[in-house]
Protein chains: 6
Amino acid sequence: MDKMDNVMIKAATLSEALPYIQRFNNKKIVVKYGGSAMLDAKLQESVIKDIALLKLVGMKPIIVHGGGKEITKWIGKTGMETNFVNGLRVTDADTMEIVEMVLNKVNKGLVQKLQKLGVKAAGISGKDGATMMVTKKIVKGGDLGFVGNVESINPDLINTLIEQDFIPVIAPIGMDDKFNSYNINADDAACAIATALKAEKLVFLTDIEGVYTDIEDKNSLISILTLDEADKLIEDGIVGGGMIPKLNNCIEAVRKGVSRVHIIDGRKEHCLLLEFFTNKGIGTAIIANEGTYDNEQ
Amino acid sequence: MDKMDNVMIKAATLSEALPYIQRFNNKKIVVKYGGSAMLDAKLQESVIKDIALLKLVGMKPIIVHGGGKEITKWIGKTGMETNFVNGLRVTDADTMEIVEMVLNKVNKGLVQKLQKLGVKAAGISGKDGATMMVTKKIVKGGDLGFVGNVESINPDLINTLIEQDFIPVIAPIGMDDKFNSYNINADDAACAIATALKAEKLVFLTDIEGVYTDIEDKNSLISILTLDEADKLIEDGIVGGGMIPKLNNCIEAVRKGVSRVHIIDGRKEHCLLLEFFTNKGIGTAIIANEGTYDNEQ
Amino acid sequence: MDKMDNVMIKAATLSEALPYIQRFNNKKIVVKYGGSAMLDAKLQESVIKDIALLKLVGMKPIIVHGGGKEITKWIGKTGMETNFVNGLRVTDADTMEIVEMVLNKVNKGLVQKLQKLGVKAAGISGKDGATMMVTKKIVKGGDLGFVGNVESINPDLINTLIEQDFIPVIAPIGMDDKFNSYNINADDAACAIATALKAEKLVFLTDIEGVYTDIEDKNSLISILTLDEADKLIEDGIVGGGMIPKLNNCIEAVRKGVSRVHIIDGRKEHCLLLEFFTNKGIGTAIIANEGTYDNEQ
Amino acid sequence: MDKMDNVMIKAATLSEALPYIQRFNNKKIVVKYGGSAMLDAKLQESVIKDIALLKLVGMKPIIVHGGGKEITKWIGKTGMETNFVNGLRVTDADTMEIVEMVLNKVNKGLVQKLQKLGVKAAGISGKDGATMMVTKKIVKGGDLGFVGNVESINPDLINTLIEQDFIPVIAPIGMDDKFNSYNINADDAACAIATALKAEKLVFLTDIEGVYTDIEDKNSLISILTLDEADKLIEDGIVGGGMIPKLNNCIEAVRKGVSRVHIIDGRKEHCLLLEFFTNKGIGTAIIANEGTYDNEQ
Amino acid sequence: MDKMDNVMIKAATLSEALPYIQRFNNKKIVVKYGGSAMLDAKLQESVIKDIALLKLVGMKPIIVHGGGKEITKWIGKTGMETNFVNGLRVTDADTMEIVEMVLNKVNKGLVQKLQKLGVKAAGISGKDGATMMVTKKIVKGGDLGFVGNVESINPDLINTLIEQDFIPVIAPIGMDDKFNSYNINADDAACAIATALKAEKLVFLTDIEGVYTDIEDKNSLISILTLDEADKLIEDGIVGGGMIPKLNNCIEAVRKGVSRVHIIDGRKEHCLLLEFFTNKGIGTAIIANEGTYDNEQ
Amino acid sequence: MDKMDNVMIKAATLSEALPYIQRFNNKKIVVKYGGSAMLDAKLQESVIKDIALLKLVGMKPIIVHGGGKEITKWIGKTGMETNFVNGLRVTDADTMEIVEMVLNKVNKGLVQKLQKLGVKAAGISGKDGATMMVTKKIVKGGDLGFVGNVESINPDLINTLIEQDFIPVIAPIGMDDKFNSYNINADDAACAIATALKAEKLVFLTDIEGVYTDIEDKNSLISILTLDEADKLIEDGIVGGGMIPKLNNCIEAVRKGVSRVHIIDGRKEHCLLLEFFTNKGIGTAIIANEGTYDNEQ
């Protein structure tokens, strides 16, 4: 009876998930959602289903998302010109308007998908409840416009939603002390929110498998990095490019009390389940120097 | 001492507000916000300040807003073509995308202004928490696309926000049972929400002073309309045009338990305070046949 | 990479469990635990793990257990003699003492196994909080001694434990209005408790695969029985023996408001997961005449 | 249209009150009520209406009152003789009986007026719930009888009333450790209660405009006094007479954590509104050395 | 050892109180306190101690008191003249002022005695929280002045006090719809309050042992009266004088849902304990026609 | 009237209990129940009634019991052999099974008796909710088997029961970190539980009147022992035998924060009432060095 074999395997698998479900019961899990996992329809469905499952088995996921390539697309559609400072796009008032429209559209789209799965979700930006307050980001060589650094998080609205069983879906927009709108890097926003919520885990869905000691060698993937090791990787120039700010975010979050921060490959189907329901997880985990990494503990 | 005279008048005025504040203490007040009051910057500021004041003196305002002329503007910006059925704009999938982006932008803009005044606000659409579920609106002569009639309201998310002291700001977007997005007429949305919340008042901010028996004669403004009188005005063809659906919304809301529904002139500064803090209010009130109209009772 | 294939299958399996987890979220599930599933150590472990998992994914399981063959064993050990009435063992005062000792031992043993898995459990009998009050069971032909029929359930203690996140483990002992101890048939106790708690499901773990139309023909297993069909099976003499009282318990529980009652094969490993996490479940379900059987709805 | 101008001014005035209402939202405000504001019927009405308004716009007022000239009047009515020590009236047992009767009469009269305005109020003395415990006041030159210094405040009853939305109206009577009744100076009682409640403001309604550097010169009214400045005024003998104990009460209250203490002119109609709803308030404010005085912050 | 015998008797007595304590656990008990039990210092102490004990063993006593002979004494002291209508004292405005002063003095005196025993108490009148609203009592032959009939009870303040563990001590003063003060007969007030609170027992402390069939014959004391029997006693003229209104109050209270109403002899020390902690109680109990009288049930 | 004299004495006795009831209101009282008080049916009834009374007058009793002579009796019944190490019985796995059966039987018997008196009770062992975790007791000269020292108490389940108004009845069985069952000395268990609950009193019911300075001289009973005095008694060898571990338990409990620990004579009827409702109590009290002993304070 082939079919019964299958259901037996299924039952065994579920049974094996027990310690992991237990381990993260009632814990706040911040997921930074972006990259390919957002662009590919099938991956998007897999991520949303995973998050819904995390919620249903007793965790408290919070989604912080970027805008993917939608922002560029809509700037194009409206025929706006884009200025650059040091190769970084300037977010002038008109651009900020588009950014906010796009991010809110993406935001409500994620809410829609979660609700479709029967999970309660509510989409907010950092403006709602003045959740994220920022200061203008200053860079050498020019004015980036309305790009902000997170100054403070007011977690009241997020916690209200969590307590009433909603998954908060958060667009990375904040306000300065004059209540102007600012764009925030989604990684930065996720890091600040995870820290303010004292989250158990912060997971970055990225387009890379994790941190490598040798980017050319797939076998050099690092599973666990202590803070000291992570600092050293940057110091020694072993990691570079886009990984440096991401790693710095991870380091900061762990320093400020998030137990474990993960860089995982969002291009892999069910990557969140693989991270949460297997002993060693996937990708790279950044932990405190005195910490250990084991999903069962 | 001229100045002291002024502050004495001020004190007297505040003192006179006592019975009105008492009358609406802790009551839910749904404000449909649209028209000129949304387009003119000064009026917008006056409306937002009024709503903040209603909140602070103990009422529980809920804002339902439209998109004003912004939707048309952004359809123009992106060079989309618009189709019409019986003179009504067709909301195809692409148009719906713009509608949603614009409504969410307007939504967060209102939140921003309320927060700037120090009042807690949170912006949602009918998709969050599956608050507004719709069915497709069917008209003769063609397919209007993603335009919906409200089928049901789930007030949980709105009530969660109210209980935690946030002013809910609601964009009139809903989902059908396949979880597709639909545009909803903001008057209809306000009416459905006021009914579901068992609101004490539903106030439509419009670009007209109220209901006239003779539209040409400013002196024919009707202060109070019972349900029967309102029905008769429509039957007898005395009111017409855009007033008919608005009046029908009012009639429905009163029938379903909203105590008083008001059509007031949003072009008048502090129109909401004039409505709430004077004995006879302004504009036209629609009340139950057995009801009375007096803000003091 | 063989191993990655496995974890992918694992992730897919977990993902497929989503609708079932959702379906029974926060629902009270009464499990009558007895038979082989209690005697065989490996099956016992599988049942306990399954119940722990049901708890962790958001259900509220309640265990009602029998004493298995332990009672007979201990009566033997103490050299007591046993009297019979119509082939039924008489529970005199001395026997009742042993019955109670054994049932409480079994009870605390189950608590121990659940706690070992990290799940909070508390073992009670129907005497605690006067949870189960009985009247003496009267049979023709003799006096059965301290054997009781459940007269009333006071669910306060059980609900207190559930609300504080404990799994209640209940031994089928009650008291009469003179506060004497009585033995209760575990099936009867489970049925009365499920009814009093308005449980969503009542599951009997038995030593049979379910109800057959022809006990000799394994292919004649009935998946779903409406109340009328179940009544008819008994009337027509198609089922017999020990199945009749069990089926009558099922019928009564459904009549009194338990949505679905299940007779499943406790000899099958992970039988509870198979019942809860597959669309059609296993064994036989007894449902209301107008009901439908589908774990997804 | 003259009338519309008036309502517009009214609306503007209300709108201007917004920041003040916001500033004191949910804050506990202790009002020491006595002097002319208690004797003159019109002033009394104005004070009660002001307090009702403070309550309705979200503050939590607490009234501590004296007995005005009523005590002397009733001592006269009953033909009692009064003894004096150092010019201070001796409160013997008979006098204390009258004092208590009169204070409770005044107390319930204030409750009555607040209830008439539709505001919930409850009148207590320091004996109820053993709210105010005292020790006998010792003065040189004789025995003042039942005159007490506040030793401790049990705020439970007051807080119970506040939480249930009543305005507590408190007569300044306490008990010693033998549970004998004592008269307490109303200023002292108000000061002790404000301190125990960690009130935001303590306002003394007096028969003077505030503190002057030169009592003869109306222009020398001091708006703000830091603790150091207040101490110095007393040290330097610039203030004198009845102002010294009052100022000492203010100083003590600020030292013990009341943010701002005010001496305002109770003879001015709506003096409380003028204090709370204008930027600079009226009268004299005593604040911490490092404090600032601005009702908007 | 004589002493040990005594303590053993003591222990036995306490042990015997068990079923009575259980019977009235958490039940609201209204005690109308007046007559000799109020005038005699020793009796007063015994009543207060009894009430404190009832509170401490888990009941919820509420005291409604009269003014005893104090009102007459103080009217005398102030040299006021008293007018009569049909032999009833007229309560003009001046008299009402005295009445209120005296009742509040008595009220706070009872609070003081309870607090001295370490029991939390709070004294209110029917004016606080608008607890008792009245209409003017109309009698033939003249105007009685400010004498009121209870129209309605708002139990919120009383319940607030009970929930926070205070014994409410209530003076029988109410207000009419113009918020004027009125004197209320204390028996009437107690009856109205017991009814509004759905009290378990209403006990009148009187200067008589109970109801007699023959007032001259001490052996004719009636222990239990059903409503019908009580009606008949009045109809047949067997009871007369001051007993008629009291009996009517009892009848009304039982009709409106108070389980048992008692007329007991307040001149007997510990009369309340004798009523509550003996099987048959003392005095006369008025019960529903279908009721039974037994403190143990 | 002889009978009335009796009830008057009864009332006086109850009235005298007032200060004691007040003193222990809402306090947690741990009673170690064992010895003769458990074996003699009449004493057992007296203890249970006393505990029910303590509960009803507002205390929060918790019972920790031993197994009396029942364990030995049942070991005999099953014909098991008993091994000894240094004269101590070895609790091998088989013995532990019997111990657990017997203790749970005793446990449910106490629950039954309390419920019969109308008091809510729930019986647990230290295994339920993992309330008592132990380590194996190590003695020189051999292996005692499953005998444990309490390592930690998780008071959640006990507190849950107390808050819901149940009397927790606790069998002294715990688990080690492998979740094996262990027998715990009932005195040790009571001591650990009293400490963890921060109980007001811990009372040991023993078969001795208290601590004597000269065991031969009944007049040498010590009423109060400070910690230092107790230490000295042991040091100086004045107390010996079974009293030493008991006294050490008392000392430890007082050191860890239990206010007063009592050794009283469980053979005396109503010993608990004598302890709680007389000023000096009975038996010996162990108190902190700086403490005082007086039930009224």
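**Entry 1: chains A and B**

I looked up the salt bridges first: the interface of chain A and chain B has four. I counted a salt bridge where a side-chain nitrogen of Lys or Arg lies within 4 Å of a carboxyl oxygen of Asp or Glu. This is a predicted model, where local features need pLDDT of at least 70, side-chain atom pairs count only at pLDDT 80 or more, and totals for chains, interfaces and linings use all residues. Residues are numbered from 1 along each chain as its sequence is written, chains are lettered from A and ligands numbered from 1 in the order in which they are written, and side-chain values use heavy atoms, with hydrogens and water left out.

I noted one salt bridge by name: B:Lys108 pairs with A:Asp128, with the closest N and O atoms 2.7 Å apart.

Next came polar contacts. I found 18 residue pairs in polar contact between chain A and chain B, both residues at pLDDT 80 or more. The rule asks for a pair of N or O atoms within 3.5 Å; within protein, one must be able to donate a hydrogen and the other to accept it, and residues adjacent in sequence count only if both atoms are side-chain atoms.

Which elements give two or more residues to the side of chain A that touches chain B? I listed helix H5 (70-77), helix H6 (93-116), strand S5 (121-125) and helix H7 (156-163) of chain A. Helices (H or I, at least four residues) and strands (E, at least two) are DSSP runs, numbered from the N terminus. H6(A) gives the largest share, 13 residues. By type, I sorted this side of chain A into 14 nonpolar, twelve polar and eleven charged residues. Ala, Val, Leu, Ile, Met, Phe, Trp, Tyr, Cys and Pro count as nonpolar, Asp, Glu, Lys and Arg as charged, and the others, Gly among them, as polar.

I then took the contacts (heavy atoms within 4.5 Å). Here 37 residues of chain A meet 36 residues of chain B. Buried area is the accessible area (1.4 Å probe) that two parts lose on being put together, summed over both. For chain A and chain B I read about 3,000 Å², with 63% from carbon and sulfur atoms. A:Met101, A:Lys108 and A:Gln112 lose the most area to chain B, together 21% of what the chain A side buries.

**Entry 2: symmetry of A and B**

I superposed the copies by least squares on the C-alpha atoms of residues with pLDDT of at least 70 in both. Chain A falls on chain B after a rotation of 180° with 0.0 Å of shift along the axis, at RMSD 0.0 Å. That is the relation of a two-fold axis. The same surface serves both copies, since 97% of the contact residues of chain A recur in chain B.

**Entry 3: chains C and F**

I ran the same look-ups here. In this pair, 37 residues of chain C are in contact with 37 residues of chain F. The buried area is about 3,000 Å², 63% of it on carbon and sulfur atoms. C:Met101, C:Lys108 and C:Gln112 supply 22% of the area chain C buries against chain F, more than any other three residues.

I counted four salt bridges between chain C and chain F. One joins F:Lys108 to C:Asp128, with the closest N and O atoms 2.6 Å apart. I also found 18 residue pairs in polar contact across this interface. H6(C) gives the largest share of the chain C side, 13 residues.

**Entry 4: D:Asn107**

Is D:Asn107 buried or exposed? I placed D:Asn107 in helix H6 (residues 93-116) of chain D. D:Asn107 counts as buried because its relative accessibility is 0%. The cut-offs are under 20% relative accessible area for buried and over 50% for exposed, with partly exposed in between (1.4 Å probe, protein chains only). Beyond neighbours within four places in sequence, D:Asn107 is in contact with D:His65, D:Gly123, D:Ile124, D:Val169, D:Ile170 and D:Ala171.
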